[in-house]
Number of protein chains: 2
Amino acid sequence: MLSEFDLIKQFFKRDRPGRATLGIGDDCALLTPVPGRQLAISSDMLVEDRHFFAGADPFMLGHKSLAVNLSDLAAMGARPSAFTLALALPAADPVWLEGFSRGLFALSDAHGCELVGGDTTKGPLTICITVVGDLAPGHALRRDAAQVGDDIWISGTLGDARLALAGSWQEVTLDPADHAQAAQRMHMPSPRVALGLALAAQPVAHAALDISDGLVGDLGHILAASRVGATLDVDALPAGPVLARQELALRRRFTLAGGDDYELCFTAPVGNRAAVLEAGRASGTAVTRVGRIEAEAGLRLVDADGTPLHLELSGWDHFS
Amino acid sequence: MLSEFDLIKQFFKRDRPGRATLGIGDDCALLTPVPGRQLAISSDMLVEDRHFFAGADPFMLGHKSLAVNLSDLAAMGARPSAFTLALALPAADPVWLEGFSRGLFALSDAHGCELVGGDTTKGPLTICITVVGDLAPGHALRRDAAQVGDDIWISGTLGDARLALAGSWQEVTLDPADHAQAAQRMHMPSPRVALGLALAAQPVAHAALDISDGLVGDLGHILAASRVGATLDVDALPAGPVLARQELALRRRFTLAGGDDYELCFTAPVGNRAAVLEAGRASGTAVTRVGRIEAEAGLRLVDADGTPLHLELSGWDHFS
């Protein structure tokens, strides 16, 4: 049987030199902050049967566990630097651990984000990651920074993750190839770190967040924090490639209130449209203008002709 | 039913101004590092039925969840500054949340350590805290810094938490008042933050860690990392007040290989004995000299007369 210490040594401690001043193996990791930069920090917890199915592929789970945290850094415009991993496992299964750590490190290496410490214990499968990043003071893309007149933008596409779930729950019938393609979006989200950095660089954008619980609910956080309202052009919302082939009502519902998208929703002054498009181009990320921040409170949905839409939608609440 | 957002607002978001540049409510918290200081970061996860019993008092659980993390900062000699809390809960129970948050904030306020963000989700009761502290470069009390000839010291007392467990498991018979007193040590550990800071200030000590899995196992980490050995005077080990009234064999076993003590084990040069005692006095923490770091590998146990003891002991392994 693999001991706690062997488990860490075998799957999570790496020989390569890290950037941390002191990494895995002491009571704390030690980091030396970059002078003059602020720190961004965020924690996310993933629970079996809540955030992923029992028996989920460990490689994809390792990827996703870190991806959802990097997405929080992206939404702030922060550069990833380090993370801790706390892991409760029903058993120390080497096959699972090998897959999980490979998925985790493939993504962490791609972003130069180093595993510096954590905790392992026996328990119901639960993954808690805390990421640390850094950014220039005053450049954070905060939720309370949207201004009246700002355009609202979305990165990438929305709704395919929700569509995959609908396929699994048999809410909709998908052919197997479509289902597999949509499921890939659900299991392997791409955190928009490069776009977030480009948007925070000037800064080009005002407010931003990542869409994890559905656009309407998440955009609502920007509106509340910034004390503004908005109109959203529902038919301008970029649907995922599989969802784009579904009927209009479903497309609207899942782009507006999907979940698990991990795209950025951000606002930027009209004068920065060219700069936003350039940030998208430079980071290899599609960006689509989908609405406008307004002084009038509330969120108004309109179709391509500007006709108001009245749709029943709800965000994701973990305790509802 | 309490929503996720109401839950955070009602129990975890506070009106008082914090030190964080941006606290709860955005994708990330923002911290502005103190110029010239290093960061110490550590994560611990507590799982129901593993680290605490189902039905555990929520106030004490809130205290302990943060205490075990602050203990990691103490063992590094770092000053606590901020923490994140990720919480999986079977249900959003206001009574539980009220008690838990009171216990958590009573300790965080006492140490000036601010809750800056986190995550809440439904799931088996699991608490994951990540603490951040800061310290002067080169002053961290690392596990690999013990030197041949160093004294070995212990803060406070050992073994009462393990004795409380033995009482609950009916390994030993304790009278109810003794059991309650010992259980207090198990449920409400005092992280030795002030002592850790005093030891790191000059620095007075070389190596340190916190004793969470039993002294023998934890001291073994210092010996391995520092590539040294040690002799421990078993009868010099400070037993908790309840354990001190038990028979010798039990006292030896639970001081050597208890668990859940959250005391510091540290090494310091012989020339710093007066400074160590002064650090203990200034921080209001008892410190006891219990052994010596030696060049010869391995850990040797001796009694008060220096006679070698051969005891069967094992540390705590979460996957054994």
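User: Happy to look at this with you! If a salt bridge is a side-chain nitrogen of Lys or Arg within 4 Å of a carboxyl oxygen of Asp or Glu, what makes Asp27(B) and Arg143(A) a salt bridge?

Analyst: Good place to start, and do keep in mind that this is a predicted model. The side chains of Arg143(A) and Asp27(B) come to 3.2 Å, N to O. The cut-off is 4 Å, so the pair of Asp27(B) and Arg143(A) qualifies as a salt bridge. Across the interface of chain B and chain A, the rule finds four salt bridges, along with 22 residue pairs in polar contact. As for elements, β2(B) supplies the largest share of the side of chain B that touches chain A, with nine residues.

User: How do you know that the two copies are related as by a two-fold rotation axis?

Analyst: Laying chain B on chain A takes a turn of 180° and a shift of 0.0 Å along the axis, with an RMSD of 0.0 Å. The two copies are therefore related as by a two-fold rotation axis. The contact surface agrees: 100% of the contact residues of chain B recur in chain A.

User: And what is buried between chain B and chain A?

Analyst: An area of about 5,300 Å², with carbon and sulfur atoms giving 62% of it. In residues, 66 of chain B are in contact with 66 of chain A.

User: Why is Phe100(B) said to touch Leu85(B) and Ile127(B)?

Analyst: Contact asks for heavy atoms within 4.5 Å, so Phe100(B) meets that limit with both, and also with others including Phe12(B), Phe59(B) and Leu87(B). Phe100(B) is also among the residues with the most contacts inside the largest nonpolar core, which has 56 residues. Helix α2 of chain B gives the most to this core, nine residues.

Conventions
Residues numbered from 1 in each chain as written. Chains lettered and ligands numbered in written order. Predicted model: local features only at pLDDT ≥ 70, side-chain atom pairs only at ≥ 80, totals over all residues. Heavy atoms only, no water. Core = buried A, V, L, I, M, F, W, Y, C linked by side-chain atoms within 4.5 Å. Buried < 20%, exposed > 50% of the residue type's maximum accessible area, 1.4 Å probe, protein only. Helix = DSSP H or I, 4+ residues; strand = E, 2+ residues; numbered from the N terminus. Least-squares fit on C-alpha atoms with pLDDT ≥ 70 in both. Buried area = accessible area lost by both parts, 1.4 Å probe. Polar contact = N/O pair within 3.5 Å; in protein donor to acceptor, adjacent residues only side chain to side chain. Lists of a residue's contacts leave out its neighbours within four places in sequence.
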